[in-house]
Amino acid sequence: MSTAMDGRLGAITALEAAPGTLPRDEFTAEFLKTYHKSVEVPGGGGQQMNEAVKATVPQLGEAMDKLGAYVADAMWSYTGTDDDNATDIDRAGGRH
């Protein structure tokens, strides 16, 4: 996931730098006001919103990797617990 996010970041940066990526009209002008709006960043200070988002992209990839591993581990744990409980029920004569 981290590698995929890094690749997308490069594509976004390239599109931002390419002339003609966005049309020159009133909709784009309004969009760019928000896109380049100054936002507060961790540690204090301000940064353009698009740059702040790009700065967090690598962290997002890492977070998604960790979340995926956590979910997979939890599912294996639930499966193991279900198996153990089924065995206990069988031993107690609960299944016929």
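## Helices and strands

Three helices and two strands make up the regular elements of the protein chain; here helices are DSSP runs of H or I with at least four residues, strands are runs of E with at least two, and both are numbered from the N terminus. Following the sequence, you meet them in the pattern α-α-β-β-α. With a radius of gyration of 24 Å, well over the 12 Å that the globule rule gives for 96 residues, the protein chain is more spread out than a compact globule. That radius is taken over C-alpha atoms, and the rule is 2.2 Å times the number of residues to the power 0.38. The C-alpha trace spans about 75 × 30 × 25 Å along its principal axes.

## How the model was read

This is a predicted model, in which local features need pLDDT of at least 70 and side-chain atom pairs count only at pLDDT 80 or more, while totals for chains, interfaces and linings use all residues. Residues are numbered from 1 along each chain as its sequence is written, and side-chain values use heavy atoms, with hydrogens and water left out.

## Burial and contacts

Of the 96 residues in the protein chain, 12% count as buried (under 20% relative accessible area; exposed is over 50% and partly exposed lies in between, with a 1.4 Å probe and protein chains only). Among contacts with a separation of 6 or more, 39% come from residues 24 or more positions apart; a contact means heavy atoms within 4.5 Å.

## A look at Pro23

You can find Pro23 in the loop between α1 (2-17) and α2 (26-35). Its relative accessibility is 49%, so Pro23 counts as partly exposed. Gln48 lies 25 residues from Pro23 along the chain, and their C-alpha atoms are separated by 21 Å.
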